[in-house]
Amino acid sequence: MGERNFFDDLEGMDRKEREAYQLEKLKEQIKRAYENSPAIRDIFDGKGIKPEDVRGFEDLEKVPIIRKTDVIELQKKYPPYGGLLTVPEEEIQRVFITPGPIYLPHQVEEISWFGKSFFAAGFTKGDVVINTPTYHMSPAGLLFHEGVRAVGATVVPTGVGNTDAQIKTMLDLKVTAYAGMPSFLMTIIKRAEELGYNFRRDFKLRKAWFTGEMLPSSMRKVFEEEYGIDTYQCYSVTELGGCVAYECKEKKGMHFMDDYVIEVVDPETGKRLKEGEIGELVATPIHNPCWGLVRFGTGDLTSYITEPCPCGRTSYRITGIVGRSTEAVKVRGMFVVKKQMEAFFAGIEEISKYQVIVERKEQRDELYLKAELKDESVDKENLRRRLEEEFPKNLRVRLDRIEFCEKGTLKEEDTLIDRRKWD
Ligand SMILES: [Zn+2]
């Protein structure tokens with residue numbers, strides 16, 4: 001496999017051209033799925049939809065979202081591939097297994113996999129990369145391995161764990177780059193320090209490509225500033241067979257991968273949301289011809305931006321994964337994401353304990369804050385003004401009321417409480 005300039009492939013394509021290309025691919029995917037996959041035919045017939053009814057991206061709203069739990073159920077109903085296989089079984093090249101279990105068939109050579117993401121992260125020929133995810137059952141190790149090879153770099157398949165062996169390998173092979181989870185790289189660095197090494201001086205590692213967990217900005221700062229490692233994130237979803245979005249040098253959001261039709265939708269209605277609105281990331285793979293999945297709901301919450309990126313890639317970007325749809329509450333049409341809210345309050349030092357409560361009053365959602373203060377001497381009016389201003393900036397909804405209460409008042413442990421009754 002030679003070096004490939006992925007940028008020339010699709011990434012720099014005019015938006016209209018790419019949309020036309022993706023729409024063609026989407027229609028092919030839906031037709032193939034409907035004709036060959038009994039599960040998709042059931043779903044379409046159940047809703048009275050024909051593949052021809054999907055003429056534009058917005059018509060996808062007619063198609064129900066399939067989530068991981070649905071795939072598990074489907075695989076019980078139509079073992080082993082859930083009625084989603086679109087080719088004869090002997091055409092499958094490999095099968096990965098993820099918890100559920102879900103059996104994921106792949107047809108390898110049709111797929112560009114993770115190459116674009118490693119390319120955007122500056123991985124190139126001459127790099128020596130330790131690839132630290134697992135190589136068995138789950139697709140991570142092998143797919144990242146192929147991505148690293150696609151940009152011409154040398155891959156060392158070290159797999160999971162064995163921190164000391166990873167460290168010895170890094171020194172002996174003068175490893176320049178890392179692929180895997182951010183927390184594991186931090187474990188490696190801390191262990192190397194324990195062993196008496198000076199990481200910056202003794203190691204050649206200067207690039208890291210992360211997926212599989214969030215990269216908090218505080219951690220990124222430590223990697224970049226203290227250890228001189230250029231870090232990149234990739235958002236990948238196993239059931240979708242790979243990399244769904246990835247960062248470029250700008251590190252401002254993750255570019256949509258061209259191999260999927262990506263939507264950000266209201267998880268309850270499946271309706272597509274506007275730029276900037278938080279919703280569930282739903283993707284339809286248009287690159288794995290043996291897998292008839294249409295509109296897979298990831299359960300991950302994000303928003304997207306359309307602003308062109310200075311890197312020249314013309315695809316839209318997701319702004320990052322802010323939480324899970326099961327851990328968010330919809331208030332006046334906007335999702336308040338628990339994790340995002342907790343991050344916000346972590347920055348308000350004066351508050352020691354708090355609860356954000358949603359109630360329904362006169363057909364309107366009311367959102368209010370109850371907060372215990374660290375210290376009674378805090379300037380309450382000042383804090384109130386700050387919260388009124390900063391909360392909507394960070395969470396996109398306004399607080400209707402702010403109540404400061406005495407220490408020990410807040411009994412419930414949960415930070416986000418939905419008291420609305422829908423009857
Ligand atoms: Zn970019």
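Four strands build an open sheet of mixed pairing, ordered S21-S20-S19-S22. Its edges are strand S21 (401-405) and strand S22 (416-418), each paired on one side only. From one strand to the next, the twist averages 20°. The model described here is predicted.

**The S19-S20 pair**

Within this sheet, strand S19 (residues 351-361) runs antiparallel to strand S20 (residues 364-373), and 10 bridges link the two. One position can be picked out: tyrosine 354 has alanine 371 of S20 as its bridge partner. Glutamate 362 sits in the loop between S19 and S20. Its phi is near 45°, a positive value in a residue other than glycine. Is glutamate 362 buried or exposed? Glutamate 362 has 5 other C-beta atoms within 10 Å, so it counts as exposed.

**The nine-stranded sheet**

A further open sheet holds 9 strands, in the order S5-S4-S6-S7-S8-S9-S10-S15-S14. Its pairing is mixed. Strand S5 (154-156) and strand S14 (304-305) stand at the edges. Each has a single partner strand, so one side of each lacks a neighbour in the sheet.

At the S14 end, the partner is strand S15 (residues 317-318). S14 and S15 run antiparallel and are joined by 2 bridges. Here tyrosine 304 stands opposite isoleucine 318 of S15.

Helix H5 (residues 140-150) lies across part of this sheet. The strands it crosses are strand S4 (128-131), S5, strand S6 (177-180) and strand S9 (242-246). Relative to S4, H5 runs at about 170°.

**Helix packing: H6 and H7**

Two packed helices are described by the angle between their axes and the distance between the axes. For helix H6 (residues 163-172) and helix H7 (residues 182-194), the angle is about 80° and the axes are 10 Å apart. H6 and H7 are therefore roughly perpendicular to each other. H6 contributes Thr163, Asp164, Gln166 and Ile167 to the contact, while H7 contributes Thr187, Ile188, Arg191 and Ala192. By class, the residues of this contact are 3 nonpolar, 3 polar and 2 charged.

**Backbone details**

Two cis peptide bonds and two positive phi values are listed below.

| Feature | Residue(s) | Angle |
|---|---|---|
| cis peptide bond | proline 79 to proline 80 | omega near -5° |
| cis peptide bond | glycine 100 to proline 101 | omega about -10° |
| positive phi | arginine 295 | phi near 55° |
| positive phi | glutamate 362 | phi near 45° |

Where do the prolines that follow these cis bonds lie? Proline 80 is in the loop between helix H3 (68-77) and strand S2 (94-98). Proline 101 is in the loop between S2 and strand S3 (102-106).

Arginine 295 is also a loop residue, placed between strand S12 (279-285) and strand S13 (296-302). Its positive phi occurs in a residue other than glycine. Arginine 295 has 22 other C-beta atoms within 10 Å, so it is buried. Glutamate 362, with 5 such atoms, is exposed.

**Around glutamate 226**

Glutamate 226 belongs to helix H9 (residues 217-226). It has 11 C-beta neighbours inside 10 Å and therefore counts as exposed. Phenylalanine 199 is 27 residues away from glutamate 226 along the chain. The C-alpha atoms of the two are separated by 9.4 Å.

**The chain as a whole**

How many helices and strands does the chain contain? There are 11 helices and 22 strands. Of its 423 residues, 40% count as buried.

The C-alpha trace spans about 70 × 65 × 40 Å along its principal axes. The radius of gyration of the chain is 24 Å. A compact globule of 423 residues would have a value near 22 Å, so the chain agrees with that expectation.

Contacts across the sequence complete the picture. Among contacts between residues at least 6 apart in sequence, 64% join residues at least 24 apart.

Definitions and conventions:
Residues are numbered from 1 along each chain as its sequence is written. This is a predicted model: local features need pLDDT of at least 70, side-chain atom pairs count only at pLDDT 80 or more; totals for chains, interfaces and linings use all residues. Axes are lines fitted to C-alpha atoms, for helices over the stretch in contact, and angles run from 0 to 180 degrees between N-to-C directions. Angles under 35 degrees count as roughly parallel, over 145 as roughly antiparallel, 65 to 115 as roughly perpendicular and the rest as oblique. Two residues are in contact if their C-beta atoms, placed from the backbone, lie within 7 Å. Ala, Val, Leu, Ile, Met, Phe, Trp, Tyr, Cys and Pro count as nonpolar, Asp, Glu, Lys and Arg as charged, and the others, Gly among them, as polar. Two strands pair if DSSP finds at least two bridges between them. The radius of gyration is taken over C-alpha atoms; the globule rule is 2.2 Å times the number of residues to the power 0.38. A residue is buried if 20 or more other C-beta atoms lie within 10 Å of its own, exposed if 12 or fewer, and partly exposed in between; C-beta atoms are placed from the backbone.
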